[in-house]
Amino acid sequence: MAFSDNDLIFLLSMSGTDEIAIVGVGCRFPGADDLSGFWRVLVNGENHVTEVPADRWNVDHFYDPDENAPGKMYVKKAGFIHGVENWDRAFFGISEQEGIMMDPQQRLVLQCVHMAAEDGGFTRKDLAAIKTGVFIGCMTHDFDAQANEDACATGPYSVTGSHSSILSARVSYVYNLTGPALTIDTACSSSLVAIHLGAQALLSGDVDMMICGGVNCLLEPNLFVALCKANMLARDGQCKAFTDDADGYGRGEGCGIVILKRLKDAISDGNKVWGLIKTGTNQDGQYAKPISAPSSEQQEKLIQDVLRKYNIDKNNITVIEAHGTGTRIGDPIECKALGHTLGSNTKTKYLGSVKTNIGHLEAAAGVAGLIKVLLMMKHKTIVPSLWYNKANENKKLQLSSHGFVVPTQLEVWNEDQTTARMASLNSFGFGGTNAHAVIYDYINNTETAAEASACILPPIVVISAVNEETLKRNKKALLEKLKELDFNLRSLSFTSTCKRDIFQVREAHYAKDKQALIESLMHSHDFRRKFVANGQPPKVVFVFCGVGTVWQDMGNILLGDESFHAALKAIDTHLKPLTRWSIVTKFVQKSTDLISDPFVSHIGLFSYQVALSEMWKKFGVTADAVVGQSVGEVAAAYTAGYLNLESAVQVIFHRSRHLSSVNQGKMIVVQGVDLGKIELSCSEHKLEIAVEISKTSCTVSGEENAIALLKTEVKNNYQDVKIKDLTAACAYHSRFVETAAEQIQKELPSLFPESSVGVDHIPMISTVIGKQVEGPEICSNEYWKRNAREKVLFMSAIKTAVNPTQKNIFLEIGPRSVLTNHMDSIFSSEDPVICISSIAQDKESNTIANATCELFEHGVDINWINVIQTCCHMTEIPNQVLDRHNDLFMVGRQKCVYKVQT
């Protein structure tokens, strides 16, 4: 029987129990800087135990094959991460002074938390929005031993840079998390104990999300020396689990992080689920002596308790990720406990240990085993355990009698989709604290996968970074992945906009397909502008255009957007009783009245502008000020909140009806001549400036013969002049509309502002008076008479709207661009202004997409989920490619090297 996600949520809530889901994973291990690298290590059977790097300490100085040699160690190898200290300090907001004193373990944890959050699609805002806890396992303090060796070298950040409690608290601070932060030390079981405690915190309701894991760094030789004196380490540095050659464990370093949520929350929030986990812990007490000896009895009891508590059938467990250190005592004791609890006479069970690949990561060992299991589940493949073959098997383990097989090659993990893959995981601390987990698939039997909702825009993919160099790396990495693999572009759009953090340096690209996106990314340096925040967001000014901007089929694409369509329907509520026809119908039927009938055309323009403004509002783009050109002031006044929708419809109805009754006069646009000179010529010919567009551009209105004389005169006197005849129905803003303007004033009913709770009035810069206008004036009938009759002071209003102390963005709201072509003649190149067009004729979808990209690049925060609509799928890209540089405090290490040279 198949259940939908909603069914599962209901059943979980009714049962009174819940599952714990793993919803994000990140890691850095020997040979692997990320999850894909770790899978490569596992699937290829790679061994990343190497000789101690020269930048750690001089291994030859500390090496002696004699285990009793004072101050010496008999091992030269371990699992190391190349450049373990390297990190991107700026990305995590850490100052240089503080950063140099930060333990590489803190650095690793921050990096892996970022990777886990990115893997799960959690932004910093997501993590901080709910009660998120941080439990990190750690047992070594190598950096503390070095950094604080010389008391004279300590500074204000020495304590927070190396104290173990800060390992977890640092994550909470950087990500602004308010759940509990604990650093846990149970030695080699620390990370799995941290995961267990995190799961319990979720089940108890103490937290809503948990970041759990462990970390280990090998920075100095002293602990190696001590472990050699205890005869715990293998001489070759290798964990040779399950073999006759096992002679101790090999140390390793690394960090693994998993993010946990209650399954019902993960389903409800649409999170990716790697798998589900059940955990338990116990202690050896005095069941084994000395304190460092493992207890088979207590290990066995722990596994039985977990199986019993969660009603798990051991026969469903087919993979066992053992503690598997490769010690002479530990392996037999563990295999005995595993055999008694999980063994089978009828079913093969695969037994392995990740420590054979990367060494024993001590406090991070448990989470390393967990991540290995999760990757095997994802890829449905069981990976080999190194150093083992049938000939060198430790016969004391009696593996075959328990049905255990150590894989020496890749094996397919059962593909039965109705049965969850299930694995068992051990992790033990040398002080006797044991942890066990059972991990299994989350099988989503939902009949059909949800697809992306309809979207009128092409897919938009964004990338961002804290600086230019990181942006370049991010873009390069994205390009490489796009060329290498196929991705659903809608899913990539969803991931990049809604599942990634947005930083100050930005690029956005829209594309119809993958190849178009690649080309846009490759050539973006030629035309894309990136925004570097200065702490102040840009000022956005909505500019509502005037008549002459409508075109056939306008709105045809935008009708597919719910907010646009809903705005038109809302207008119809007030319009239809006045006109007896529907503006929605006019748009749907692509009525020629929208072009040919001035009455319908003006109402259509108003309706289009209101609906477009509502769509931008849904996208998260709101105006800090509005300017309307002529008829555009009606939509501007509504958008600013100075007219409610009913009043705005009354204004546009009466304005359009009376002006459409005028059919005298002509209008032209004159460009390339000083405005003052045109004013003089107009005065001589009894013409009027209808619109002051810029210093060198205006619209002239008046009697047709006078217009013809003016055209001849201007052409003769000014060589570079450009004149455009307008197809306006009459000479607007001239003496010819005097009577109509008076009728508008006379017939308009009382007008009211928007009074809804929470609606703030936006400053409106009037093109009637050229400066900001107040609400009572806009609600007066006198104002709308002047709006229809008087000269449009467009340039003055545009210049008044500018704040010289910040970036100003003019966003044109209308079916065609007007202001864009005149920006250079209104402003100088030094003015902090740009103009963005919402729409170009016959390109509604692409121009809105381009405008959205430009707004984003210039610092406007977009409500992306409303732009691209919802999508249940997430892609692995894009990713932040973090800078990695070494700025670690070096006094302790320099002393160590100096000892070598004396």
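Start by selecting helix 18, residues 489-498, in this predicted model. Helix 18 is mostly covered, with 9 of its 10 residues buried. Show the side chains of Leu-489, Ser-491, Leu-492, Ser-493, Phe-494, Thr-495, Ser-496, Thr-497 and Cys-498, which are the buried ones. To see what lies over them, add strand 16 (460-465), helix 17 (468-484), helix 19 (514-523) and helix 34, which are included in the cover of these residues.

**The open sheet**

Next, select the strands of the sheet in the order 25-24-19-18-26-27. These 6 strands form an open sheet, and the pairing is mixed. Look at the two ends: strand 25 (772-773) and strand 27 stand at the edges with a single partner strand each, so one side of each has no neighbour in the sheet.

At the strand 25 end, select strand 24 (residues 764-765). Strand 24 pairs with strand 25 in the antiparallel sense over 2 bridges. Met-764 is the residue opposite Val-773 of strand 25.

Now go to strand 26, residues 808-813. How many of the residues of strand 26 are buried? The count is 6 of 6, so the strand is mostly covered by the cut-off of under 20% relative accessible area. In a regular strand, side chains alternate between the two faces of the sheet. Colour Asn-808, Phe-810 and Glu-812 for one side of strand 26, and Ile-809, Leu-811 and Ile-813 for the other. Both faces are covered, and all of these residues are buried.

Keep strand 26 on display and add its partners. Strand 18 (residues 539-544) runs parallel to strand 26 and is joined to it by 6 bridges. Val-543 is found opposite Glu-812 of strand 26. Strand 27 (residues 833-837) also runs parallel to strand 26, with 5 bridges joining the two. Here Ile-809 has Ile-834 of strand 27 as its bridge partner.

**Helices on the sheet**

Add helix 23 (residues 598-618) to the view. Helix 23 lies across strand 18 and strand 26, and runs at about 135° to strand 26. Then add helix 33 (residues 844-857), which packs on the sheet and touches strand 26 and strand 27. The direction of helix 33 makes about 155° with that of strand 27.

**Helix 20 against helix 23**

Hide the strands and select helix 20 (residues 562-579) together with helix 23. The two helices pack at an angle of about 145°, and their axes are 8 Å apart. The crossing of helix 20 past helix 23 is right-handed. On the helix 20 side, select Ser-563, Phe-564, Ala-567, Leu-568, Ile-571, Leu-575 and Thr-579, which make the contact. On the helix 23 side, the contact residues include Phe-599, Ile-603, Phe-606, Tyr-608, Leu-612, Glu-614, Met-615 and Lys-618. Coloured by class, the contact of helix 20 with helix 23 shows 13 nonpolar, 3 polar and 2 charged residues.

**Cysteines**

Select the cysteine sulfur atoms. A pair counts as a disulfide when the sulfur atoms are within 2.5 Å, and the count comes to 0 disulfides. Why does Cys-27 not form a bond? Its closest cysteine sulfur, in Cys-112, is 6.5 Å away, which is too far. Cys-27 is buried, at a relative accessible area of 0%. For Cys-228 the closest cysteine sulfur is in Cys-239, at 13 Å, again too far for a bond. Cys-228 is buried as well, at 1% relative accessibility.

**Backbone details in loops**

Finish with four loop residues, taken one at a time.

- Pro-290: the peptide bond from Lys-289 is cis, with omega near 0°. Pro-290 is in the loop between strand 8 (275-283) and helix 13 (296-309).
- Pro-878: a cis peptide bond with omega about 0° joins Ile-877 to Pro-878. The loop here runs between helix 34 (864-868) and helix 35 (891-901).
- Trp-387: phi is near 75°, a positive value in a residue other than glycine. Look in the loop between strand 11 (381-382) and strand 12 (404-405). Trp-387 is partly exposed, at 37% relative accessibility.
- Lys-686: phi is positive, about 60°, although Lys-686 is not a glycine. Lys-686 lies in the loop between helix 26 (675-684) and strand 21 (688-694). At 72% relative accessibility, Lys-686 is exposed.

Notes
Residues are numbered from 1 along each chain as its sequence is written. This is a predicted model: local features need pLDDT of at least 70, side-chain atom pairs count only at pLDDT 80 or more; totals for chains, interfaces and linings use all residues. Side-chain values use heavy atoms; hydrogens and water are left out. Axes are lines fitted to C-alpha atoms, for helices over the stretch in contact, and angles run from 0 to 180 degrees between N-to-C directions. Helices (H or I, at least four residues) and strands (E, at least two) are DSSP runs, numbered from the N terminus. A crossing is left-handed if the near helix is turned anticlockwise from the far one by less than a right angle, and right-handed if clockwise. Contact means heavy atoms within 4.5 Å. Ala, Val, Leu, Ile, Met, Phe, Trp, Tyr, Cys and Pro count as nonpolar, Asp, Glu, Lys and Arg as charged, and the others, Gly among them, as polar. Buried means under 20% relative accessible area, exposed over 50%, partly exposed in between (1.4 Å probe, protein chains only). Two strands pair if DSSP finds at least two bridges between them.
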